[in-house]
Amino acid sequence: MIKTFHHIERITGSVIEVKASDVCMGELARLEVKGEIRLAQVIRIDREKVILQVFGGTRGVSTSDKIQFLSRQMELIYSTDLLGRIFRGDGSPIDGKPSLTDGKQTAIGGPSVNPARRIIPRNMIRTNIPMIDVFNSLVESQKLPIFSIPGEPYNPLLARIALAAEADVIILGGMGLKYDDYLFFRKKFEEGGNLSRSVMFIHTAADPVVECLLIPDISLAAAEQFALEGKRVLVLLTDMTAFSDSLKEIAIFMEQIPSNRGYPGDLYSQLARRYEKAVDFEGAGSITVLAVTTMPGNDVTHPIPDNTGYITEGQFYLHGGKIDPFGSLSRLKQLVVSKVTREDHKELMKVMIQLYAETKQVQDKISMGFEPSTWDHKLLKYGEMFELEMMDLTKVVPLEEALDKCWEILGKCFSKEHIPLKKALVDKYWR
Amino acid sequence: MRSGKVIAINGNMVTSTFEEKVIQNEVAYIVLNENLRLKAEVIRIHNEFCDMQVFEETNQIKVGDSVEFSNELLSVVLGPGMLGTVFDGLQNPLYRLAEETGFFLQRGKYIFPLDPDRVWKFAPSVNTGETLKGGMEIGFVNEGIFDHKIFVPFNIKEKCKILHIAAKGDYKIKDRLAILSNDSGKEYEINMTQTWPVKIPIKTYKEKLLPDTPLMTGYRIIDTFFPIARGGTFCIPGPFGAGKTVVQQTISRNALVDIVVVAACGERAGEVVEVLREFPEIKDPRTGRSLMERTCIICNTSSMPVAAREASVYTAVTIAEYYRQMGLNVLLLADSTSRWAQALREMSGRLEEIPGEEAFPAYLQSVISAFYERSGLVELYDKKTGSVTIGGTVSPAGGNFEEPVTMSTLSVVGAFLGLSRQRSDARKYPAIDPLISWSKYQEQMEENLLKTRSRTWVKDILKLHDLLFRGEEIYQQMMVVGEEGTAMNDFIIYLKSYFLDSVFLQQDAYDDVDSFCSEERQVKMLYVVKKFVDKDFTFKNKDEARAFFMKLIGTFSRWNTEPRESEEARELEVEINKMLEGVL
């Protein structure tokens, strides 16, 4: 049943208000603006007043434009034909090919997974980047953001991890993506022959801001369907800051009381609902989420990275083209380190980072003009080797080789009794 | 049944009309169709309308949908079978839900919290003719390792006479176990279950006592420096990534209490899954039974509906109070109270209340205090004691403790275990910062500590705590004047404090041995550490001093990870003693 109305009472930003009846929360509507169709969704109802967010924006909308309620919620048509295709946030194709018509109609933003049906993640995803594999291993079904600032090579890093990772399906959700970046991803995926196992949902910086709200939901809805069919899915989201800013925009148009720097009080819940889609299903596939969060003003206490950090299972900081060894953390690494990886991995990573932290203190001391002690000299040498061998993101080093390298560095810089490592390991691996 | 009609929907808040009357905080159902009824709670009444928070997604609700009012406050069902079970915030058992609905939580699907078909062995402990009142025991069933007492429902205030009591035997939870009658002849039938409104504390006990015995967690920095009392409260605030959840989980595994109730409130599902999957496999060394048998999990993770998150901490504390009534020591861990506060904030915003700081409602403080006040050591009617200890993590925005939730919490708890980014960045775990943390219980429990640990315990700890401050001071000076500008004496003090920090305060939660340090071992270790701290060392130069302490730390750390009775541990102990005597 299609209900048509002709009078728009209020237009604020990307939100419109109409008088209508028999409309339900979340229902989709079609707004016809000079022959062009824009999609809108009901976000609040007060008696006969119905408030909608218009995904195409409200520029040019007239108070007498036709609005049709579609009696359905936002859906994705799922089939394996999605692979190799590129879509917008509302599911319409942008690769010049026809829309999908046959397939399973799947609600987007569907219900949460029952925690009782999740399993403990247990597979490591190798990236051959020592800063990740050795110190903060990525685990299947993990959700991890890359905290960065504009200008850092986060998209290339994302692409590199995606292409190296052993996943059956890769889903890219681009939000506020520069057109160049979109082309970069497309090219990278084509080059690696990965297009046939990928689906892209793209919102570029030129598209209406609100449309970006749909990207994570539709990407994750597709991922969920693939995972239920037993596929291991890797979802890449870039950039979640654009998504959060869209939430803020809508909240302000809706005259909600902002909680922190203008962001709505439910920012945490909104982000969590998306990130928590990362899952390892008992008896089916998995979803792993890697997301970029650009930190406004390089400030990790900004509400977006701050709330994200509380949701995700760790974070990678990308500073000056390097993954920061201190702030970066993979919370799930304990599940794989020295369990599926070599026995020395666990202790080694701990000691290596502690020593590098000490090195940094020594460097601070020296920069203030103090004489380094003998021990300091050892640390300085260690720091130099660590940065060269471990932190360079261009190096491709398999995990075992990287661990050997760690022992080699320790051996060259220190004598064994000064390093708090278990005796059995020292006896076996010290070089 | 009273009913009404939906007139407005705003996020998870629905406004409805009502007939005749409506009760504040009563449960109502929004009827979408005959198969889909969504649970909600009345939270505000104005003129002929009431606002309700809906415990589900509100998609597809429309104006005109009917509302049914239940006449009951939001309640939980209390009875045997809660241990080892995983509930959502509204007490739906998640495993049985999964059997019916599969991978996903289905909206509007509610099932009875306890297994109605399970048979329990009941043994009566009273006789016909005896007089009882609410909260007194009529008998018990065996729930795992515990005698699960069956009480006269807590809401029966008057004295009642037992007309009938069931004989020893097998019963299901809904089977009648007793019939009571009060003076005016009103009769009550009692079975194994009773319902209790979650927002009202259970108070059927004699009196509340001062918590004066330590609750051992196995964490040295907590038990020795910032102890927690049975029946007390503590909070663990910290920025993300500082290891709150690891601390919380390790405590839930190791704490020396009878029962642990975990309220996973608005946090990651993955963390709950670790508990769900691992606890059944881990044996409690004291009982030899699976840890799950002493654990009850209330799980409302961040992607589950927000209003149910608010309810989940109350569900958890009510269950904790119920087991306390059996004379057990219960530990409630709420992770994280900030998410719960955020749920309050979201609702307050929708109600368009005048916001306080950071848009939190003005009543935040009183809500938080009321929650922590549900802890306590109590003397029960049968003279036994039971306790509820409450520990909550706080996730302050930006890791800054000067925010409403942390501040409100600090003003009501007895111990503050603050995690700092600085320590976690340096991988010093647990990242509880000894320079900011405090516990009021060290003094409150002094009498007991002096008896069980050592006669100078509290004084010794104060002295060692001072050393940490002094060490930090010297370290800061050293950053300015350099090592060479630091006097040898100060340098040694710094090294001693570094040593104390490294081997005693830091602890590996993932090491089989080190993750739990018994009280006995803590006392012994502290005794050894103190000897080094008290000793006057003379070194030729700073390098020699540093090398000595580095070696000491290395040896000590290894000692920490060896089982106490092992050959290696003994060898390491000998080596440490030699270092103390200056032989090495």
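This is a short conversation about chain B of a predicted model.

Student: How do you know that chain B may be read in detail?
Tutor: Its average pLDDT is 94, and 100% of the residues score at least 70. Coordinates should not be read in detail where pLDDT is low. For the model, the scores are ipTM 0.87 and pTM 0.92.

Student: What makes the radius of gyration of chain B agree with a compact globule?
Tutor: Chain B has 584 residues, and a compact globule of that length would have a value near 25 Å; chain B has 27 Å, which agrees. Along the principal axes, the C-alpha trace spans about 90 × 55 × 40 Å.

Student: What share of chain B is called buried, and what makes a residue count as such?
Tutor: The share is 52% of the 584 residues. A residue earns the word if 20 or more other C-beta atoms lie within 10 Å of its own.

Student: Which helices and strands do we have to work with, and how many?
Tutor: Chain B holds 16 helices and 28 strands. Let's take two helix pairs.

Student: Why are helix 15 and helix 16 of chain B called roughly antiparallel?
Tutor: Helix 15 (residues 542-561) and helix 16 (residues 567-581) pack at an angle of about 150°, their axes 9 Å apart. Angles over 145 degrees count as roughly antiparallel, and therefore the name fits this pair. Their crossing is left-handed. Among the residues that meet are B:Leu552, B:Phe556 and B:Trp559 from helix 15, and B:Leu572, B:Ile576 and B:Met579 from helix 16.

Student: What makes helix 12 of chain B oblique to helix 13 of chain B?
Tutor: Helix 12 (residues 457-481) and helix 13 (residues 488-505) pack at an angle of about 120°, with 8 Å between the axes. The roughly perpendicular range is 65 to 115 degrees, and roughly antiparallel needs over 145; helix 12 is therefore oblique to helix 13. This crossing, too, is left-handed. Residues that meet here include B:Leu464, B:Leu468 and B:Tyr475 in helix 12, with B:Ile493, B:Tyr494 and B:Leu500 in helix 13.

Student: How many residues of each chain take part in the contact between chain B and chain A?
Tutor: Chain B contributes 65 residues and chain A contributes 62. On the chain B side, strand 1 (3-10), helix 1 (94-101), helix 4 (269-278), helix 6 (337-350) and helix 15 each supply at least two residues.

Student: Which of these elements gives the most?
Tutor: Helix 15 of chain B does, with 9 residues on the side that touches chain A. You have already met helix 15 as the partner that packs against helix 16.

Definitions and conventions. Residues are numbered from 1 along each chain as its sequence is written. Chains are lettered from A and ligands numbered from 1 in the order in which they are written. This is a predicted model: local features need pLDDT of at least 70, side-chain atom pairs count only at pLDDT 80 or more; totals for chains, interfaces and linings use all residues. Helices (H or I, at least four residues) and strands (E, at least two) are DSSP runs, numbered from the N terminus. The radius of gyration is taken over C-alpha atoms; the globule rule is 2.2 Å times the number of residues to the power 0.38. A residue is buried if 20 or more other C-beta atoms lie within 10 Å of its own, exposed if 12 or fewer, and partly exposed in between; C-beta atoms are placed from the backbone. pLDDT is the predictor's confidence in each residue, from 0 to 100. Axes are lines fitted to C-alpha atoms, for helices over the stretch in contact, and angles run from 0 to 180 degrees between N-to-C directions. Angles under 35 degrees count as roughly parallel, over 145 as roughly antiparallel, 65 to 115 as roughly perpendicular and the rest as oblique. A crossing is left-handed if the near helix is turned anticlockwise from the far one by less than a right angle, and right-handed if clockwise. Two residues are in contact if their C-beta atoms, placed from the backbone, lie within 7 Å.
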